[in-house]
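Hi everyone, and thanks for coming. I'd like to walk you through a structure that may be new to you, so please have a look at the screen.

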Amino acid sequence: MSTLPVSHSKAAEAFLADKPYVSWHDETLWFVRSKRDKAARSVPEWETLRELASAVKAHTLSRLDEYLVQFESNAKKNGIHVHWANDAAEHNSIITEILRSHNVQKVVKSKSMLTEECGLNPYLAERGISVIDTDLGEYIVQLRNEHPSHIVLPAIHLKKEAVSDTFHEHLHTEKNNNDPVYLTRSARTVLRNHFITADAAITGVNFAVAETGGFVICTNEGNADMGAHASKLHIACMGFEKIIPRAEDLGIFLRLLARSATGQPVTTYSSHFHRPAPGQELHLVLVNNGRARQLGRPEFRNSLKCIRCAACFNTCPVYRRSGGHSYHNAVAGPIGAILAPNLDMKNNADLPFASTLCGSCTNVCPVKINIHEQLWSWRQVLMKEGYGGKAKEAAMKTMAAVLSKPGLFVRTANTARKLMRAVPWLFNNKLNPWYRQREMPSAPAQSFKTWYKKNRNEQQG
Amino acid sequence: MSSRDEILSMIRENRPAFSPLPEIPVFIHEKPLAEWFTETLTGIGGKVVHLKDTGEVETRIQQQHGGVINTTDLSAAAKYRHATAQELEAVDTVIVPGIIAVAENAAVWVNEKDMINRLLPFICRQLIIIVQLTDLVPDMHSAYKKIRIDEAGFGVFIAGPSKTADIEQSLVIGAHGPLAMEVWFVGE
Amino acid sequence: MRVGLFIPCYVDQFYPQVAIATMELLEKLGCEVVYPAAQTCCGQPMANSGFESYAAGCNANFIKQFRGFDYVVCPSGSCVLHVKEHLHDADESTASVIRNTVYELTEFLTDILKVEQLNASFPFKVGLHVSCHGQRMLHLASMSERMLPPFSKALSLLHKVAGIELIDPVRADECCGFGGTFCVTEEAVSVAMGQSRVEEHAANDVEYITGGDMSCLMHLEGILKRQRSNIKVIHLAQILNAQ
Ligand code: SF4
């Protein structure tokens, strides 16, 4: 039997043990959220753009099969080899096959959350193909044998001292030199060498355009371009929901993406690939891995509009105080919490509960996904499917019974309040999670009900 | 059934009812374009230079130090068409023509035909893009109206030098691509 | 007008003074206020735990208690939101009437009673804690994430109170971490979130933290008391009713 991952609440508790570290994590991500606010405010038509983005995606989902077919045929005309993968295993084996047929030993990879979702790196490593993650943040976590904790800022959970130690160990940089410029330049030198000597490049895809049969990759570092243009073989991987109908739709999404993600007006590079360079081979893998199933769930299908900007991470007060790894899923944060149960309900039943349903995620989302409502809906689905456990079901049944019978409610509530007055230690102890770090409210002598009876008696019908 | 057909048939079964594709409206901007562009590019670590005419451009090119590859001079640059990353790694400065410059985000559209070799704008230490002042547009919507994204096999919007903030959100200019970037506007 | 007073279950038990203030305030403003004494709870704790399907009995009782009023008013955005979104019954017609006539207190004062003046005074330094459900879902105030004109029903009412000094926290609408059962199932995160809110208000040197939802305030109060802080929590209704 497989064991469940450490639950979000347990992992969060461990994360929160180091208070100064957590405040730093919270402040750092809040800073990114503030930059996003500033960038969004500088665009008077911001809310209109969100409406448009959401509508374009809604339209695309309603004609998804047609756009994929159109895209495929145009991409083929452009000389791109198009592959379809139904699940993670097929995605990995398609890529391995392509790499093997080119005798590839070393691959440089730019950021692709899809390859994380599919577990591509360990899969290739087991087959003797080495993968170098070239996005600086991903490179750092790869050296540390960790997973990205954030989809845009993969190493946001690490302080510069930790990065410096990692680089010292693996790249032999100066010990205790924590200067981000020094560390970045050191990685640049090492990775340049990898770009030049790699046999193939794997990249993600931000948008694929049906009418032109090409795709767009957005980066700041230039690593996707360095990799893709320096090698003879380029494989791009995309979840099929990345498709959009028209070239002009890119105008909407590129205006929203970087501003939402980091507060930049646009990423440094928005690279549009349509045909392989002379002498190069270009492959594209279209992946399902549960997306078609999610499309069939009316209350959750809008999650497929996601453009992976991570604005919902940065604004999420829970994410900022629990860290990306506590979500035990390739995509963390609020969007991860509504995508993960689709992949595996049992393992991810805790995630939709890792939220206060405050709704900030929904408000920042550039494609207007109703994230907090989907979290709520997942809770209903998961409990109906029995992932809450018997104890929780029984407790809820009792609560339902008490709340539907006014007499019983009054007796129960009054008894509880009186008990709190009479025997406070019954409540003020370590077994009560409320009391661990908070005082209980003081129980007054009489409830409002009692007061009302005494003071507004004349109005009782 | 192939995975392709299986995926497509699942999608067909599960897709929602039709929802219309919106028209993209024209947004009106009041800011003067050249100032707007300069403010934006400066904000992201790039630099704007204004030059009156091709004569001034020539002089300025002569003043560049180190190895320069200038793709506005097609015949001289043609020899780099098939150069490998290894061969180009040491290039200091690359000069390429840009087609459209966008004021709202300081992005400049460069396409493969003009860059000779796809690697050039990325592998150099310093990138200079030369754009006609008349090719400055306010926003991305107007930019996409003026370009055809599949005109060449590859095209890219470039906005400033490469950068990263992956270490503690400290901005570092110069990641894997150029460490410096300038846009030269030609015209008055 | 006849107003049904809807008092959240925990307010009835732990914060009767908030219910009394709400009642007196509405009476002062000319409403005929009736408290249906057999009300229990809106059912939100079950629904947010994923057991909306168990709420039928609770809903039926709610409808029985609150049918026939011109308005149903409640000093909690969260409970009102739940009723607005999830009150259903075999008798849908009554349920829908209630869904459409249930109001959070500040919303009722602003939009229905259109209160221009308040005869209230509260000469203290106060920080407002904005509750997410009221703000982001009932739209009682503009939201820092949305690029829309700013407004706040709570603040515009508080500005009518004599002597009050209001100090806004920088993160003006960050969640306090109460979140219903979240406050115990995710105890560590919940407390950390609450502590951050308290810290900001404490740095502003306020004497009171106020808000429209007693649940958030109960959570913040628990933290304040554990820290032996001098800052007190007080519901908006109590300030608006303060003489
Ligand atoms: S759900 Fe929305 S906010 Fe979150 S990553 Fe996706 S697009 Fe961005």
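I'll talk about chain B, then its neighbours, and finish with the ligand. Please keep in mind that this is a predicted model.

So, what is chain B built from? Chain B holds eight helices and 11 strands. Its C-alpha trace spans about 65 × 45 × 40 Å along the principal axes. Of the 188 residues in chain B, 56% are buried.

Let's turn to contacts inside the chain. If you take the contacts in chain B with a separation of 6 or more, 76% of them come from residues 24 or more positions apart.

Now for the surface. Chain B has an accessible surface of about 8,000 Å², and carbon and sulfur atoms contribute 52% of that. As for charges, chain B carries 16 positive and 25 negative ones, and the mean positions of these two groups are 4 Å apart.

Next, the neighbours. Two pairs of chains touch, and the pair with the most contacts is chains A and B. Chains B and C, on the other hand, have no contact joining them: their closest C-alpha atoms lie 16 Å apart.

Finally, the ligand. Which residues surround the ligand? They come from chain A, and among them are A:Cys306, A:Cys309, A:Cys312 and A:Cys365. The surroundings also include A:Ile307, A:Ile335, A:Ile369 and A:Ile371, along with A:Pro366, A:Val367 and A:Arg308. How does that shell divide by residue type? It has 11 nonpolar residues, one charged residue and no polar ones.

That's my tour, and I'm happy to take questions.

Conventions: Residues numbered from 1 in each chain as written. Chains lettered and ligands numbered in written order. Predicted model: local features only at pLDDT ≥ 70, side-chain atom pairs only at ≥ 80, totals over all residues. Heavy atoms only, no water. Near = heavy atom within 4 Å. Nonpolar A, V, L, I, M, F, W, Y, C, P; charged D, E, K, R; others polar. Helix = DSSP H or I, 4+ residues; strand = E, 2+ residues; numbered from the N terminus. Buried < 20%, exposed > 50% of the residue type's maximum accessible area, 1.4 Å probe, protein only. Contact = heavy atoms within 4.5 Å. Areas by Shrake-Rupley, 256 points an atom, 1.4 Å probe, with all protein chains shown as cover. Lys, Arg positive; Asp, Glu negative; His and termini not counted. Charge placed at Lys NZ, Arg CZ, Asp CG, Glu CD.
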